[in-house]
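Me: I should like to learn how to read the features of a protein model, one at a time. May we work through this one together?

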Amino acid sequence: MKVLKSLFALALMLVVSSVSAQNAEEIIATYIENTGGAEAWSKVNATKMSATVNQGGMSIPVTVYNTKDGKQAVIIEFNGQKITQMAYDGTHLWTTNFMSMKPEKSSEEMTQNMALNKNDFPSPLLNYKENGYEVEYVGTETKEGAETYKVKITQEPIMANGVESPSISYYYFDTENFVPIVIETTQMGQNVNIVMSDYQEVDGLYFPFAMSQAGQPFEMSEIVVNPEVDDTLFAYPGE
């Protein structure tokens with residue numbers, strides 16, 4: 001009898017696990033379809049996002065470039081100057097020192113973690129199966145006043161203080177529109193909470209135009225899909 005009970009319990013666990021995985025896959029598939037479709041997303045080679053951020057009562061313009069081959073640049077306009085706050089050219093992750101106004105390379109560990117993002121453009125949800133990521137439906141939860149589906153995604157491990165750590169994110173999908181409104185993740189080894197809203201259509205794809213990260217709001221003024229991008233925006237100028 002104990003053997004039968006154990007087998008029943010094991011079977012039940014397998015069924016629950018299968019249902020959870022299937023639910024997660026369906027939620028992600030619906031999100032991709034609702035925001036433009038997998039085929040349209042696969043044709044995105046780069047994005048340019050223009051936003052403003054309020055810092056100490058000042059409205060600072062920010063432009064963020066991302067490319068399919070993993071390059072990234074965050075450029076701010078401050079006191080009439082364009083300053084590269086962070087950039088990755090495929091080899092070097094670097095930033096501008098605000099005291100010296102000179103470029104500085106980031107640590108090898110941070111650079112290695114940034115290189116992993118190449119698989120995740122424009123979203124780690126788009127090709128999660130091909131990249132070997134695991135997804136799991138966790139349940140429902142209220143976030144930002146809305147009922148959401150909570151989905152866990154496990155990606156390649158990252159390095160944090162010399163130790164390999166699991167890279168786990170939680171996506172909270174609005175149950176009505178199946179779009180993420182909150183993401184709990186890690187960036188550069190730090191826990192980050194991202195809130196998204198005001199999804200708008202750009203060339204047949206839907207992007208959030210209002211975001212906040214670690215409580216810092218960003219208001220998008222424009223998102224350009226497949227803009228012309230000069231590689232010098234990413235290149236480390238010290239070599």
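**Charged pairs and their surroundings**

Reply: Let us begin with a charged pair. In this predicted model, a salt bridge joins the side chains of Lys150 and Glu141, at 3.7 Å from N to O. Lys150 counts as buried, with 15% relative accessibility, whereas Glu141, at 29%, counts as partly exposed.

Me: Which residues are linked with Lys150 and Glu141 in a network of salt bridges?

Reply: A pair should be read together with its charged neighbours. Here the network consists of Glu141, Lys143, Lys150 and Glu184. Within it, the side chains of Lys143 and Glu184 meet at 3.1 Å, N to O. Lys143 belongs to strand β7 and Glu184 to strand β10 (residues 180-187), so this pair ties together parts that are 41 residues apart in sequence. Lys143 is buried at 17% relative accessibility, and Glu184 is partly exposed at 24%.

Me: How many salt bridges does the count come to, and where does the pair of Asp69 and Lys71 stand between buried and exposed?

Reply: The count is 6 salt bridges. The criterion is a nitrogen within 4 Å of a carboxyl oxygen, and the side chains of Asp69 and Lys71 meet at 4.0 Å, N to O. Asp69 has a relative accessible area of 40% and is partly exposed; Lys71, with 17%, is buried. The cut-off for buried is under 20%.

Me: Which residues touch the most other members of the largest nonpolar core?

Reply: One reads a core by its members and by the elements that supply them. The largest nonpolar core has 33 residues, and Ile28, Phe173 and Phe207 touch the most other members. At least two residues each come from α1 (2-34), β1 (46-55), β7, β8 (146-160), β9 (163-174), β11 (190-202), β12 (205-213) and β13. The largest share, 5 residues, is supplied by α1. Another core, of 7 residues, lies apart from this one and includes Ala73, Ile75, Phe234 and Tyr236.

Me: What does Phe173 touch, not counting residues up to four places away in sequence?

Reply: Its contacts include Ile27, Ile28 and Tyr31, together with Leu125, Tyr149, Val151 and Phe178. Glu147 and Thr148 are also among the residues that Phe173 touches.

Me: How should I read the backbone angles?

Reply: The general expectation is a negative phi for most residues other than glycine, and a trans form for most peptide bonds. Met101 has a phi near 60°, a positive value in a residue that is not glycine. Met101 is found in the loop between β5 (93-96) and β6 (103-105), and is partly exposed at 36% relative accessible area. Asn226 also has a positive phi, of about 55°. Asn226 lies in the segment after β13 (216-225) and is partly exposed, with a relative accessible area of 37%.

Me: Is the peptide bond from Phe121 to Pro122 cis or trans?

Reply: That bond is cis, with omega near -5°. Pro122 is placed in the loop between α3 (108-115) and β7 (134-143).

Me: What do the totals for the protein chain add to these local readings?

Reply: Totals give the setting for the local features. The protein chain has 3 helices and 13 strands, and buried residues make up 38% of its 239 residues. Of the contacts between residues at least 6 apart in sequence, 41% join residues at least 24 apart. The chain exposes about 13600 Å², of which carbon and sulfur atoms supply 51%.

How values were computed:
Residues are numbered from 1 along each chain as its sequence is written. This is a predicted model: local features need pLDDT of at least 70, side-chain atom pairs count only at pLDDT 80 or more; totals for chains, interfaces and linings use all residues. Side-chain values use heavy atoms; hydrogens and water are left out. Helices (H or I, at least four residues) and strands (E, at least two) are DSSP runs, numbered from the N terminus. Buried means under 20% relative accessible area, exposed over 50%, partly exposed in between (1.4 Å probe, protein chains only). Contact means heavy atoms within 4.5 Å. Accessible areas come from the Shrake-Rupley method with a 1.4 Å probe; for residues, only the protein chains shown count as cover. A nonpolar core is a set of buried Ala, Val, Leu, Ile, Met, Phe, Trp, Tyr and Cys residues joined through side-chain atoms within 4.5 Å.
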